[in-house]
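Visitor: Please take me through this model. I would like each label justified by its cut-off.

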Amino acid sequence: RVFTAASEEEQQKANVTDAETELTFTAGVKSWRLYNAGPNSCHYSLKTGVDTNNYLIPPRSWLSEDVPLTTLFLICATGETAAVYGAGLR
């Protein structure tokens, strides 16, 4: 469970490939949740330059952080793809 004092939510989807993919909210969010709907693992970073050494999100997994941002950077291993959903809270 995630508890927050947020008053607004925004949802975005990114079709992640083996090239750096951005998941961008229309305005800054206070905290966010990512869900990797698969079919492969992907990696994320809070700054550009993401690679497969960054934090791993296995397929059918989610994570959340209370880190303000507007854009997350995602990537899959060579030849793989993933559908990643983001929910940002303001």
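**Salt bridges and surface**

Guide: Arg90 forms a salt bridge with Glu8, with the closest N and O atoms 2.9 Å apart. This is a predicted model: local features need pLDDT of at least 70, side-chain atom pairs count only at pLDDT 80 or more, and totals for chains, interfaces and linings use all residues. Residues are numbered from 1 along each chain as its sequence is written, and side-chain values use heavy atoms, leaving out hydrogens and water.

Visitor: Why is the pair of Arg90 and Glu8 called a salt bridge?

Guide: The term needs a side-chain nitrogen of Lys or Arg within 4 Å of a carboxyl oxygen of Asp or Glu. The closest N and O atoms of Arg90 and Glu8 are 2.9 Å apart, so the pair qualifies.

Visitor: What makes Arg90 and Glu10 a salt bridge?

Guide: Their closest N and O atoms are 2.3 Å apart, so the same cut-off is met. Glu8, Glu10 and Arg90 are linked in a network of salt bridges.

Visitor: Why does Arg90 count as buried or exposed?

Guide: Buried means under 20% relative accessible area, exposed over 50%, partly exposed in between (1.4 Å probe, protein chains only). Arg90 has 15% relative accessibility, so Arg90 counts as buried. Glu8 has 44%, so Glu8 is partly exposed.

Visitor: How do you know the class of Tyr35?

Guide: Tyr35 has 32% relative accessibility, so Tyr35 counts as partly exposed.
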